[in-house]
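Subject: Structure for you to look at

Hello,

I am passing on the structure we talked about. Please open it alongside this message.

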Amino acid sequence: MIDIKNLDTYAKNTWCPGCGNFSILNSIKSVISELSGQIPIENFVIVSGIGCHAKIVDYINVNSFYSLHGRAVPAAEGIKIANPRLKVIVFAGDGDAYGEGLEHLIFAAKRNIDITVIVHNNRVYGLTVGQCTPTSPLGFKGKSTPAGTVEIPFNPLHLLLSSGATFIARGYTHGIDLLKDIFKQAVLHKGFSIVDTLQVCVSFYNMYDYYSKRVYTLKDHNIYDYQSALNKIKEWDYNTDSPISLGVFYKKETATFEENIVKNKNDVSGQRNISKIINERQEIIKKILASLT
Amino acid sequence: MPQRLTKTANEVFAEAMRQINPDVVAAYPITPATEVVQIFSQFVADGKVKTEFVAVESEHSAMSACIGASACGVRTLTGTSSQGLAYMWEMLYIASGLRLPIVMAVVNRALSSPINIHCDHSDTMGARDCGWIQIFSENVQESYDNFLQAVRIAEHQDVRLPVMVTTDGFILSHCLEVVEVLEDETVRKFIGENPERKSILDVENPFTLGALDLQDYYFEHKRQQAEGMKNSLNLIPLIGKEFGDKFGRYYDFAESYKLDDAEIAIVIMGSTAGTAKDVVDQLRDEGKKVGLLKLRVFRPFPANVIQKALENIKVVGIMDRADSVNAISGPLYPEICTSLYDSDKKPLLVDYIYGLGGREVREEDIQLVFSELFNILKTGKTYNLKYIGVRE
């Protein structure tokens, strides 16, 4: 097991004091540390988009890929397909995941590729200092909408449930134990997992009071029941005032995209097998390394 | 009376947009261009303009929405930078192919990868062949003046092409300068009414825009588009002169600086022209015959103007703030070569790539370029490319 301290990097953290990103950073580091007993640390790959959240790849000492705005998910899918043994965790903002790169998220859910997407959903563009996003509430007064938005936000979890996501959860950056637990379940889920994380931007949209008054943890909820999940997901529409549930809404066990690919390849050619190829490559690498020492 | 104000390039772009009072602006935030439409959105909120402002979900959508709006015949503006411009790529060609006079402020920033938010010209240069007119600005004043002229150029019936007006990211977009801002009424008179053009809102004469155009007519339409760009060669100096006659600041394709008797010169675009002019002054004080050609318009490329300006120079250094990564040169160099090919008098040409990703360009860097050029003049020995200010 890797000590959590060894997941630190030398990069100076430039997030604002009080930023919700710190909770996400600490939670995921703790999860990676715990899981490093069963998953080799070198098999973790983290991928980020563009925005304040994206700096997270600088702050965790594992393999990482800093991608383009909106393109974290397809980059992660490529990484997973190239080597299905890797544990791929995506960090994306609400601009990335629900705005500029929304189509990728829907298709990743549809094909049930085994990656985890953690959305830093602060409902504001933080790095460009305060504009409205796809999940900003109606009437949100941001710097590009000083008179208030005229658009109703969409409910990303409702959309992802319809798109075929097999693990859907919501976290909150206040209450780190719950967040850690949700992240751990999401990372261990076999298939596409999404954690919409209510990450508070203290500088441009401080929602701590608002959320803290409304959040509650899901209990006695059957995560394998689609209808119950739908009901709970629809309880809060990201716009009107209502209780906001935290925890896992939905989970389904089904074949992943990469499993189907391997299966089809075997069916078609009777020879090709991604695991076999990877094993062969790893043997070659081991031989090269042995010859060097 | 025009007002003398202290403003950044982002602020004057927004101010120009307010004075133009467009019908539609669609945009998405991106550093360092975010402020342009952000300041403008405050004008919308305050009811200072009639504009319908759409905060879309991406730059691809921003340009798409601008295309839709402009296709309806209304005045349409936007602004972006770097990856935002890159993400608009597909739609940039649609805007020019459909001959839609959209005007866009482009705040020059380096393209990823690696990610960088500071100035170079790689974003605009990447869009150089997409059929847009491209005008570069040396300072905040020029950014403002160019943006106003761009509306006239884009909307002229013989041209009818989209225009991007660039400014250097952070160096100009975020730095204050004293500028002269015209009165609202003066601007409105200068740009005039949005000219009538065939639009898809003409319900009595419905037609399809962007219809399938195969072997039968595609080529003719592209030929017409090329003609529109060629026509802009006549129009741009006329508009620049009219602007000068009215407001005292004259504009042309390029500005010659102490070039008449120069033996050695550099060609440069954007804000570094200001630094380079200072170096030219210093060298002139030392009695050295040096000059500078500041290129303002990159598309259309004013080949004849360049030829006339440079053919009597002995050695010319071309300053490229972008790399074509083609194992030859940056993007400006081959265009200058082409311009001089027909001339009997060919100066020696050298390309210098500088300032990528916002790397600071100091007077010493420009002095170094001139000393290299003097060496070439003395020895007659040249090379085609050098990188300035890089650790290698």
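Below is what was found in it, starting with the conventions.

This is a predicted model, in which local features need pLDDT of at least 70 and side-chain atom pairs count only at pLDDT 80 or more, while totals for chains, interfaces and linings use all residues. Residues are numbered from 1 along each chain as its sequence is written, chains are lettered from A and ligands numbered from 1 in the order in which they are written, and side-chain values use heavy atoms, with hydrogens and water left out.

Cores. The largest nonpolar core (buried Ala, Val, Leu, Ile, Met, Phe, Trp, Tyr and Cys residues joined through side-chain atoms within 4.5 Å; buried is under 20% relative accessible area, exposed over 50%, partly exposed in between, with a 1.4 Å probe and protein chains only) has 99 residues. Ile168(A), Phe192(A) and Phe147(B) have the most contacts inside it. Helix H7 (residues 140–155) of chain B gives the largest share of this core, eight residues. Helices are DSSP runs of H or I with at least four residues, strands are runs of E with at least two, and both are numbered from the N terminus. Another core, apart from the largest, has 30 residues, including Leu25(A) and Ile182(A).

Salt bridges. There are 33 over all chains, counting a side-chain nitrogen of Lys or Arg within 4 Å of a carboxyl oxygen of Asp or Glu. One joins Glu77(A) and Arg111(A) at 2.6 Å, N to O. Glu77(A) is in helix H3 (residues 72–82) and Arg111(A) in helix H5 (residues 102–111) of chain A, 34 residues apart. Glu77(A) is buried because its relative accessibility is 8%; Arg111(A), at 30%, is partly exposed.

In chain B, Lys277(B) and Glu138(B) form a salt bridge of 2.8 Å, N to O. Lys277(B) lies in helix H10 (residues 272–285) and Glu138(B) in the loop between strand S6 (133–135) and H7, so the bridge ties together parts 139 residues apart in sequence. Both partners count as buried, Lys277(B) at 12% and Glu138(B) at 10%.

Lys232(A). This residue is in helix H9 (residues 226–234) of chain A and is partly exposed, at 26% relative accessibility. Its side chain makes a polar contact of 3.0 Å with that of Tyr216(A); such a contact is a pair of N or O atoms within 3.5 Å, where within protein one must be able to donate a hydrogen and the other to accept it, and residues adjacent in sequence count only if both atoms are side-chain atoms.

Regards
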